[in-house]
Amino acid sequence: MSITDMTAVEVAAAIRAGKMTAVEAAEAMLARIEEQDKRYNCYVTVDRAGALAQAREVQAKIRAGELTGPLAGVPVAVKDNMCTEGLLTTCSSKILGNFVPAYTAEAVLKLKEAGAVILGKTNMDEFAMGSTTETSAYGVTRNPWNTGHVPGGSSGGSAAAVAAGECCYALGSDTGGSIRQPASYCGVVGMKPTYGTVSRYGLIAYGSSLDQIGPLTKDVTDCAAVLEAIASHDEKDSTSVERQDTDFTSALVEDVKGMRIGIPNDYLGDGLDEEVKAAVLKAAADLEGKGAVVERFDLSLVEYAIPTYYTIAAAEASSNLERFDGIKYGYRTEAYAGLHSMYKKSRSEGFGEEVKRRIMLGSFVLSSGYYDAYYLKALRVKALIKKAFDEAFAKYDVILGPVAPTTAPELGYSLLDPIRMYLGDIYTIAVNLAGLPGISLPCGIDKNGLPIGLQLIGDCFQEKKLIQTAYTYERLRGGFPSGKDQEINSPEPDEKEECRHE
Amino acid sequence: MANIISDETIEYVGILAKLELSAEEKEQAKADMGRMLDYIDKLGELDTTGVEPLSHVFPVQNVFREDVVTNSDMREELLGNAPEQKDGMFMVPRTFE
């Protein structure tokens, strides 16, 4: 079997058994990127020399018995909003087009401790603001299942790279669905952990009360192994939570007997594609057949999650992005008259349209006279949404539903109407507002040949119930095709902006 | 559209946001913000009297640690990212006359 078809845990096992080396694994992945990434544009930066050097170092440690974990020697891709020392980190923005961090994000350090080999940095919506990876300053990423469609976003480069076999697994970040939705669109597994489980130190902030780093993988086993590696209590992130129960791989158990699963009626209503609905309900029936107790219920407040989210996320973004001022790092305009002109021109030229739209909205809802009516109002509704989930989790172990209302839209479709794009986040966004864990995994393929995602949501700190349910479903479902196998169905893209950094 | 954003408002928000928009961008921003606010106004349907604003999902308080240096001196690397630097310092435009 080719390494591009193997899961991360399988690759690590093969390296441990001496069937391949970490260097061979990295070389195979780099060759795959070289050959294929012109089609998909998953990467903003490929670190060929760095990856091979890391692979040699890791291989020596594996041979010496110093590295024995389930991910040692496995090549990984990292979303370009996580700082990597000495390696360009752009956030897919022009304003950070030349930014080389002096330190590495804690989550990435945790992977390195586990023996990961970092191949490069993946494309994303600029500053993670978007749901399609089309707002990147470095060109769109294409869906490996069909290059005429988006991979989802904002972690679209990470999801597409996993689907295309251009890495064994990837890290993404999820502020309103940015791991789960691209995972769904690309037919891979993606998980957003409970808020505070993975350190945000070195993650370039968007909506700090919502942001969380998580894995994008080929299957649930890899997802549990990666989450186990990156979960940590970190003093450098004041919202980091100290947890004792991070042995997530212990939940890879095929058993849902007595598991109480609730399906919100509000997640099956208007706007949900019929094929997506049928696939999700089939998955629920399969779990019921294995002994889960499945019920429908009314979650309520679902239609208020998106306006709440956009108010809070825009407010936090406008504050977080104040740091981009053209002084300490990043882009500075050529011509200006004085300090304020330099700030304004650098920011206006450096940020893209969607980022400016959210900064403007955020500045407005935080401005005096509007703060109570908009920002505080949203925080009050957030409390109500949290309460609705608390009530649901008093009755259920897991909430089951779709990830997104449809499969991956065609390129360009979402950009025509921002609000329509925002509505695509309706099933994922409340999870971030309530700080909950959520996992997305493939549960079907629609008539256009695009994958459909199943979402499982747990109460805070209940990742293990999600992993157990997802693992059981995955075993029931059986193997799922990969995006890589669909290449033959995809037209060759006719244009690709040549803007990758090497 | 229920929310009409005036030129003055866009001008003011541009100052807060430290963004300089072209005439065309301003018109677009007025329309976009109006539409978003119409949409956000949906929250007004909910009675939130007596509901405390929830900023953090867990009941965490301020987290303190000792103020000790744990990282190394990364002066060169950090300055290396500056658009302009001089004598080990960040160069900024003249801030007062």
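Trainee: In this predicted model, where in chain A is the place of Phe127(A)?

Mentor: The structure is a predicted model, and within it Phe127(A) is a residue whose phi is positive, at about 55 degrees, although it is not a glycine. As for its place along the chain, Phe127(A) belongs to the loop between strand 3 and helix 5 of chain A.

Trainee: Is Phe127(A) buried or exposed?

Mentor: A residue counts as buried if 20 or more other C-beta atoms lie within 10 Å of its own. Because Phe127(A) has 29 C-beta neighbours inside 10 Å, Phe127(A) counts as buried.

Trainee: What is the phi of Ala128(A)?

Mentor: Ala128(A) is found in the loop between strand 3 and helix 5 of chain A, and it is buried, with 30 other C-beta atoms within 10 Å. Most residues other than glycine have a negative phi. Ala128(A) is not a glycine, yet its phi is positive, at about 70 degrees.

Trainee: Which residues does the cis peptide bond with an omega of about 10 degrees join?

Mentor: Most peptide bonds are trans. One of the residues at this cis bond, Ser154(A), lies in the loop between strand 3 (117-122) and helix 5 (156-163) of chain A. With omega at about 10 degrees, the cis peptide bond joins Gly153(A) and Ser154(A).

Trainee: Which residue in strand 8 of chain A is the bridge partner of Ile263(A)?

Mentor: Strand 7 (residues 260-264) and strand 8 (residues 293-297) of chain A pair in the parallel sense over five bridges. Between these strands the chain passes through helix 8 (residues 274-289) of chain A in a right-handed β-α-β crossover. In strand 8 of chain A, the bridge partner of Ile263(A) is Arg296(A).

Technical notes: Residues numbered from 1 in each chain as written. Chains lettered and ligands numbered in written order. Predicted model: local features only at pLDDT ≥ 70, side-chain atom pairs only at ≥ 80, totals over all residues. Helix = DSSP H or I, 4+ residues; strand = E, 2+ residues; numbered from the N terminus. Buried ≥ 20, exposed ≤ 12 C-beta atoms within 10 Å, placed from the backbone. Pairing = 2+ DSSP bridges. Right-handed = clockwise from strand over helix to strand, strands pointing away.
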